[in-house]
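Q: Please take one part of this model and look at it closely. Then work outward from there and connect it to the rest of the fold. Keep the sentences short.

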Amino acid sequence: MDFDLTAARLGALGNATRLRIYRLLVRAGDPGLSMGQLQDRLGIPGSTLSHHCRALVQVALILQERQGTTVLCRANYPVMQGLLADLAAECCVDAGDRA
C-alpha cells in the first residue's frame, strides 16, 4: 500500500461536495455524467464543480474526457477497487495476537 497516495485519495473524498460528486459518478456507471449533468444534480456553480472535480482527477479517482464541447466524467473503477482492497487487505490480521 502506498500510504501517501491512499491518504490523498481518502482526503479528496473527505470533502462532502467531492464525496457527493464521486457517489453520483459511481452510481452512473461506465457512461458517466457530463459536467452539466453533475452541476444540475448538485446545484452548485460551475467553477465550484470544476474545482472539486480537479481534486478528484489529481488523485485518479475520476477520469475526464472531452467529447466535443462536453466534458464527461467517470469514476475510475480500478482505482476505487484498489483503494477498497488496500483498506481491507489487513483486516483482522492481528486479531489473534492478544496477550
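**Asparagine 76 and its surroundings**

A: Asparagine 76 is in contact with Tyr22, Ala60, Leu61, Ile62 and Leu63, leaving aside its neighbours within four places in sequence. The model is predicted, so the values here are computed from its coordinates.

Start with the location. Asparagine 76 sits in the loop between strand S3 (70-75) and helix H5 (77-88). Is asparagine 76 buried or exposed? Asparagine 76 counts as buried, because its relative accessibility is 12% and the cut-off for buried is under 20%. Its side chain also has a polar partner. A polar atom of that side chain lies 3.0 Å from the backbone oxygen of alanine 60. Alanine 60 is also one of the contacts of asparagine 76.

Now take alanine 60 itself. Alanine 60 is in the loop between helix H4 (46-58) and S2. The side-chain contact of asparagine 76 with the backbone oxygen of alanine 60 therefore links two loops: one between S3 and H5, the other between H4 and S2. Alanine 60 counts as partly exposed, at 23% relative accessibility. Its backbone stands out as well. Phi of alanine 60 is near 65°, a positive value in a residue other than glycine. Most residues other than glycine have a negative phi.

Cysteine 92 is another such case. Cysteine 92 is not a glycine, yet it has a positive phi of about 65°. Cysteine 92 is found in the segment after H5. Is cysteine 92 buried or exposed? Cysteine 92 counts as exposed, because its relative accessibility is 59% and exposed means over 50%.

Next, the sheet. S3 leads into the loop that holds asparagine 76. The sheet is open and has 3 strands, in the order S1-S3-S2, with antiparallel pairing. Its edge strands are strand S1 (33-34) and strand S2 (62-67), and each pairs on one side only. Ile62 and Leu63, among the contacts of asparagine 76, fall within the range of S2.

Consider the S1 side. S1 and S3 pair in the antiparallel sense over 2 bridges. Leucine 33 has cysteine 73 in S3 as its bridge partner. Serine 34 has leucine 72 in S3 as its bridge partner.

Now the S2 side. S2 and S3 pair in the antiparallel sense over 6 bridges. Glutamine 64 stands opposite cysteine 73 in S3. Cysteine 73 thus has leucine 33 as a bridge partner and glutamine 64 opposite. Arginine 66 stands opposite valine 71 in S3. S2 and S3 form a hairpin with 2 residues between them. Glycine 68 in the turn has a positive phi of about 70°.

The same hairpin carries a charged pair. How many salt bridges does a search of the whole structure find? The search finds 1 salt bridge. The side chains of glutamate 65 and arginine 74 meet in it, at 2.7 Å, N to O. Side chains of opposite charge can pair when their charged atoms come close. Glutamate 65 counts as partly exposed, at 34% relative accessibility. Arginine 74 also counts as partly exposed, at 24%.

Then the other end of S3. Alanine 28 and alanine 75 are 47 residues apart in sequence, but 8.5 Å apart in space, C-alpha to C-alpha. Alanine 28 is found in helix H2 (residues 16-28). Alanine 28 is partly exposed, with a relative accessible area of 25%. Tyr22, one of the contacts of asparagine 76, also falls within the range of H2.

Last, follow H5, the helix after asparagine 76. Glycine 82 lies in H5. Glycine 82 counts as partly exposed, at 29% relative accessibility. Where is threonine 6 relative to glycine 82? The two are 76 residues apart in sequence and 9.5 Å apart in space, C-alpha to C-alpha. A surface patch includes residues from this region. Leu10, Leu84 and Leu87 form a nonpolar patch on the surface, with about 270 Å² of accessible area together. Leucine 10 is found in helix H1 (residues 3-13). Leucine 10 is partly exposed, with a relative accessible area of 37%. Leu84 and Leu87 fall within the range of H5.

Technical notes:
Residues numbered from 1 in each chain as written. Predicted model: local features only at pLDDT ≥ 70, side-chain atom pairs only at ≥ 80, totals over all residues. Heavy atoms only, no water. Helix = DSSP H or I, 4+ residues; strand = E, 2+ residues; numbered from the N terminus. Buried < 20%, exposed > 50% of the residue type's maximum accessible area, 1.4 Å probe, protein only. Polar contact = N/O pair within 3.5 Å; in protein donor to acceptor, adjacent residues only side chain to side chain. Contact = heavy atoms within 4.5 Å. Patch = residues over 30% accessible without salt bridge, like charges linked within 9 Å, V, L, I, M, F, W, Y side chains within 5 Å. Areas by Shrake-Rupley, 256 points an atom, 1.4 Å probe, with all protein chains shown as cover. Salt bridge = Lys/Arg side-chain N within 4 Å of Asp/Glu carboxyl O. Pairing = 2+ DSSP bridges.
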